[in-house]
Amino acid sequence: MNSLGTRIAAIISVALLTLLLAAGWIIEKQLSRSFMEKNLFHMEVHAKSLISSLKILMLNGQGAQAQQWLDNMRENEGVIDISVLRLDGRVAFSDLSTINAVNEYLGDKRFVSQGLPAAVTGQETSRAFGQALLGAMAFDPDVVDQLTIYLPIKSETACLACHGYDNSPLRGVFKLSLNTVESQVQLKNIRHEFWRITGALVVLLGIILWLALRYSVIRPVSLLRDAIISVGRGDHDTKLPDIRHDELGQVGRVFNRMQDQLQETESRIRAVMDNVVDAIITLDENGKIESVNYAGSDLFGYSAGELVGKNIKLLMPGSGSDIVTAYTPQEGTKKGPESDVSDNSRVGYEAEGQRKNGTVFPVELAVSEMMVGDERYLIVIIRDITVHKEQMQALEYQALHDNLTGLPNRVLLADRVQHALLSARRDNSTLALLLTDLDHFKEINDTLGHHSGD
């Protein structure tokens, strides 16, 4: 999971899967409800049609044949049960009580039973039946693979001709139970098709989103990452394409401006470094040369490419290691408020440098410490003091020797006599001093001149 693209793909997959499950659950519930409503609607229409047929039989005086008609209807495919229930829950046409009550109300034995069904026992007490007695259609979906509706049979004016003895608003409840296995199979097939289509759409949507994110987010971020890596490796010419107008495009333009500013800053610093007369060399804490200016290359006779990565001992074999090992920052050294250069430094001490051709020459060093993050670097400023040393030696010679004869003068004589006296006193020895003089030398200068006297 180290890749941004992998994390985005995982997030998209989880989000799409969550949406898929949520949407599938909602749609499946809606689909099941729609199927239920559709089945209930068709069963209601079918039940009302059957009730109408039953009423026609009753009005035509063929009520005694109703039971036979119902038995024939039960033989239809998909019908599990079809019956007329009395208000007390018992099955109608199962005995002679209704026929006797009608004949008694009419005062005539008009209706005769065509035969009773096999013994029908039991009494309907379901909750749906109770709801139907209140005058509304009800259904019982709890039985597996079947659906049962209860449709109230309302009393009509035409019914009073035979059933005037009963003033109830309902004549009974029509019960219809159908096999729903075929509908369940159809619903299952629709669900499977739905999940297949949804899965394909999710995969397609995931691919589209992945491609869109890869082009609009991941690819620009990868370019920015590669550019930053290149800058870290020292390539300051790296630029990002300025073709976008969104937030990532703004980041790219800011990066390009930063690169331009860095190049300008480095150019100014490099110009200053290259125009400094003294050699400036930066070292890591192991003494490896990190950078060198033009004056340093010219002083030692190496190119910058030949020096970077080499140890400082290449330039100062005798004292190069001392620059790193002997230079140890003191505890409590402070850094300036706006600089990472340590206050601890060594300035103006002499050492010996060696050029590429092997020439050894005197140098003066100034060393300071610089911290870049947790890394410690040394800045070494090297100055060639060959001319200075020669001038100092010439001045010292002039101060201690006679200009005309080249012999030691009084200052050097006094110094040597002082040393000789100290040595004789220490060794308990004797010392002799011989003085010579030229008589009448002043007359030569006065008569022949100082040139002749010299």
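pLDDT is the predictor's confidence in each residue, on a scale from 0 to 100. This is a predicted model, in which local features need pLDDT of at least 70 and side-chain atom pairs count only at pLDDT 80 or more, while totals for chains, interfaces and linings use all residues. Residues are numbered from 1 along each chain as its sequence is written, and side-chain values use heavy atoms, with hydrogens and water left out.

**Whole chain**

Begin with the protein chain, coloured by pLDDT. The average is 79, and 88% of the residues score at least 70. Helices (H or I, at least four residues) and strands (E, at least two) are DSSP runs, numbered from the N terminus. The chain has 14 helices and 9 strands. Among these elements, helix α12 (residues 410-427) has the highest mean pLDDT, 92, and strand β7 (residues 341-354) has the lowest, 67. Select residues 330-344 next: pLDDT is below 50 over this stretch, which has 24 contacts in the model beyond near neighbours in sequence. A contact means heavy atoms within 4.5 Å. Where pLDDT is low, the predicted coordinates should not be read in detail.

Two totals describe the chain further. Of its 454 residues, 29% are buried; buried means under 20% relative accessible area, exposed over 50%, and partly exposed in between (1.4 Å probe, protein chains only). Of the contacts with a separation of 6 or more, 50% are between residues 24 or more positions apart.

**Helices α1 and α6**

Select Ile8, in helix α1 (residues 4-59). Ile8 counts as buried because its relative accessibility is 15%. Leaving aside neighbours within four places in sequence, Ile8 is in contact with Leu213 and Ile218. Now add Trp210: its C-alpha atom is 8.1 Å from that of Ile8, although the two are 202 residues apart along the chain.

Move to Trp195, which lies in helix α6. With 30% relative accessibility, Trp195 counts as partly exposed. Which residues does Trp195 touch, not counting those up to four places away in sequence? They are Leu20, Gly24 and Glu28. The C-alpha atoms of Trp195 and Glu28 are separated by 9.9 Å, with their positions 167 residues apart along the chain.

**Aromatic pairs**

Show the rings of Phe, Tyr and Trp (for Trp, the six-membered ring); they pair if their centres lie within 6.5 Å, and planes under 30 degrees apart count as stacked, over 60 as edge-to-face and the rest as tilted. By this rule there are 3 aromatic pairs. One of them joins Phe129 and Tyr150, edge-to-face, at 6.4 Å centre to centre with 70° between the planes. Phe129 is in helix α4 (residues 127-133) and Tyr150 in strand β3 (residues 146-154), so the pair ties together parts that are 21 residues apart in sequence. Phe129 and Tyr150 are both buried. Another pair is Phe194 with Trp195, also edge-to-face: the centres are 5.3 Å apart and the planes are at 65°.

**Loops**

Go to Ile243, in the loop between α6 (181-232) and α7 (247-274). Is Ile243 buried or exposed? Its relative accessibility is 63%, so Ile243 counts as exposed. Select Arg253 as well: it is 10 residues from Ile243 in sequence and 9.6 Å away in space, C-alpha to C-alpha.

The next stop is the loop between α12 and α13 (441-448), where Asn428 is found. Most residues other than glycine have a negative phi. Asn428, which is not a glycine, has a positive phi near 60°. Its relative accessible area is 74%, so Asn428 is exposed. His440 has its place in the loop between α12 and α13 too. The phi of His440 is positive, about 55°, although His440 is not a glycine. At 57% relative accessibility, His440 counts as exposed.

**Second largest pocket**

Finish by selecting Asp402, Thr405, Leu407, Pro408 and Thr436, the residues nearest the centre among the 16 that line the second largest pocket. On a 1 Å grid over the protein atoms alone, a pocket is an open set of points where a 1.4 Å probe fits, with protein on both sides within 12 Å along at least five of seven lines; lining residues have an atom within 4 Å of a point. The pocket holds about 530 Å³ of space, a volume being the space filled by probe spheres set on the points. By class, its lining has 8 nonpolar, 4 polar and 4 charged residues. Ala, Val, Leu, Ile, Met, Phe, Trp, Tyr, Cys and Pro count as nonpolar, Asp, Glu, Lys and Arg as charged, and the others, Gly among them, as polar.
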